[in-house]
Amino acid sequence: MNDYDKYRPITLLPTVDKIVERIISDEMHNFFSCNNIITQSQFGFLANKSTSSLLSQFTDLVNSHLDNKRHVLVVFIDYSKAFDTLKHETLLKKLDNCGIRGPVLNWCKEYLHDRAYYVKIADTYSSKHKVTVGTAQGSVLGPLHYLTYVNDAPNVVKKCTIFQFADDTCLISAHKDIKTAEQNLQADFTNICEWSHDAGLVLNAEKTVFLHIRSSHNVPDPAVEVKLIAHSHDCLHRKPNYCTCPQIGKKDRQTYLGVVIDDRLTWRYHIDSVCDKLRCVMGKLGVIRHRIPFTIRINLYKSLVESIISYGLSSYGRTFNTYLDRIYSLQLRILKI
């Protein structure tokens with residue numbers, strides 16, 4: 001890989017440190033759970049929550065809006081190096097706001113203090129550089145630190161619905177009048193942009209996209225253009241006379257948490273993706289079918305095929321039977337193998 005910007009540091013921690021981290025992490029999780037500290041819109045790194053539960057709630061909400069003949073605008077927000085840009089001072093303040101105080105907060109402060117990183121190529125080491133931002137990636141506490149860092153983000157969302165899975169964030173605005181939906185989405189998206197700037201998170205406008213999801217019977221006026229602007233820090237705080245901020249790209253489909261969501265919520269493109277994966281698995285199973293025992297083939301089916309089909313099934317399983325029949329047909333062919 002020649003793009004060095006895509007490399008991520010991994011924290012090397014001794015075993016004793018990992019044990020201590022696990023103890024602290026479990027106590028913090030219990031405290032957050034008992035006191036309902038973490039926002040309900042957050043689904044990442046939490047017990048009894050997963051990408052599947054988020055997708056189910058997402059689909060239920062969008063289908064409810066579509067049944068009521070509303071236009072649904074969804075923006076999928078992308079952050080650049082989200083875990084690497086957390087300001088330590090801000091993180092400690094947010095931990096305090098979440099109720100982590102006293103000796104535990106002091107321990108977290110010492111945990112973040114005086115960290116350094118270096119690069120090793122073969123037997124050559126670079127000089128060390130101190131780390132003043134970011135959480136320790138690969139550590140036990142890293143994900144929990146991030147959850148507390150973004151825990152107050154939903155507080156600035158007033159008119160839309162927000163879903164979070166760690167740094168994967170989306171906003172949903174719905175209304176029978178598409179311009180009203182656009183205005184509501186723009187208002188809350190601007191609030192999120194400002195919150196991100198103040199928190200030190202880098203919102204990547206180039207990779208942030210939005211969809212206009214609607215039913216085939218709810219056709220908007222062709223003359224009405226729906227757009228979304230990602231306002232920069234200077235635009236929000238200095239308020240220039242003319243805004244030159246980038247416009248968020250509009251797409252007809254987007255991959256979110258491993259499923260492909262299209263602008264009609266038909267799941268046709270996701271079905272295509274599932275079928276492609278199943279064909280790949282089927283080809284490999286066909287090659288080795290006579291070389292491994294039957295029990296191992298069954299385990300491979302459960303681990304490879306069932307996992308592909310079952311992921312997101314509570315969402316895409318509501319689509320047309322003609323789409324699902326394609327998966328069913330491939331499933332039968334694999335079962336024969």
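A cavity, in this tour, is a set of grid points where a 1.4 Å probe fits but cannot get out. Keep that in mind as you click around, and remember that this is a predicted model.

**Stop 1: the enclosed space**

Let's begin with the cavity itself. The count comes to 1 cavity of 30 Å³ or more, and the largest cavity has a volume of about 40 Å³. To see what surrounds it, select Tyr79, Tyr146, Val150, Ala153, Gln164, Ala166, Asp167, Thr169, Trp195 and Leu201, which line the largest cavity. Colour that lining by class and you get 7 nonpolar, 2 polar and 1 charged residues.

**Stop 2: the sheet**

Switch to a cartoon view and look for the open sheet of 5 strands, ordered β7-β8-β1-β10-β11, with mixed pairing. At its edges are β7 (161-165) and β11 (249-251), each of which pairs on one side only. On average, and ignoring direction, neighbouring strands of this sheet are turned by 25° against each other.

How do strands hold on to one another? In general, strands of a sheet pair through backbone hydrogen bonds, either parallel or antiparallel. Here you can look at both kinds. Select residues 71-77 and residues 209-213: these are β1 and β10, and they pair in the antiparallel sense over 5 bridges. Follow two of the rungs: valine 74 has leucine 211 of β10 as its bridge partner, and phenylalanine 76 has valine 209 of β10.

Now move to the other neighbour of β10. β10 and β11 pair in the parallel sense over 3 bridges. A rung to pick out there runs from phenylalanine 210 to its bridge partner in β11, lysine 250.

**Stop 3: a closer look at β10**

Stay with β10 and turn on its side chains. Are its residues buried or exposed? In β10, 5 of its 5 residues are buried. In a regular strand the side chains alternate between the two faces of the sheet. You can follow the directions here: Val209, Leu211 and Ile213 point one way from β10, while Phe210 and His212 point the other way.

**Stop 4: helices on the sheet**

Next, bring the helices back into view. α2 lies across β1, β7, β8 (168-175) and β10, and runs at about 160° to β7. Then select residues 178-199, which form helix α6; this helix packs on the sheet and touches β1, β7, β8 and β10. The direction of α6 makes about 150° with that of β8.

**Stop 5: the largest pocket**

Pockets are open, so you can look into them from outside. The largest pocket holds about 950 Å³ of space. Its lining has 28 residues, and to find the centre you can select Pro9, Ile10, Ala116, Tyr117 and Val131, which lie nearest to it.

Which strands each supply at least two residues of this lining? They are β3 (115-117) and β6 (129-131). The largest share, 3 residues, comes from β3. By class, the lining of the largest pocket divides into 14 nonpolar, 6 polar and 8 charged residues.

**Stop 6: the second largest pocket**

Move on to the second largest pocket, with about 330 Å³ of space. It is lined by 16 residues; select Asn63, Arg264, Leu265, Thr266 and Phe320 to see those nearest its centre. You'll meet α2 (residues 51-67) again here, since this helix gives the largest share of the lining, 4 residues. The classes in the lining of the second largest pocket are 4 nonpolar, 8 polar and 4 charged.

**Stop 7: two backbone oddities**

Finish with a pair of loop residues. Most residues other than glycine have a negative phi, and most peptide bonds are trans.

Select asparagine 48, in the loop between α1 (15-34) and α2. Its phi is near 65°, a positive value in a residue other than glycine. Why does asparagine 48 count as exposed? Because its relative accessibility is 83%, and exposed means over 50%.

Then jump to leucine 257, in the loop between β12 (253-256) and β13 (259-262). Leucine 257 also has a positive phi, near 55°. Leucine 257 counts as buried because its relative accessibility is 14%, and buried means under 20%.

Definitions and conventions
Residues numbered from 1 in each chain as written. Predicted model: local features only at pLDDT ≥ 70, side-chain atom pairs only at ≥ 80, totals over all residues. Heavy atoms only, no water. 1 Å grid on protein atoms, 1.4 Å probe; cavity = no way out; pocket = protein on both sides within 12 Å on 5 of 7 lines; lining within 4 Å. Points joined across faces, edges and corners; volume = space filled by probe spheres on them. Nonpolar A, V, L, I, M, F, W, Y, C, P; charged D, E, K, R; others polar. Pairing = 2+ DSSP bridges. Axes fitted to C-alpha atoms, helices over the stretch in contact; angles between N-to-C directions. Contact = heavy atoms within 4.5 Å. Buried < 20%, exposed > 50% of the residue type's maximum accessible area, 1.4 Å probe, protein only.
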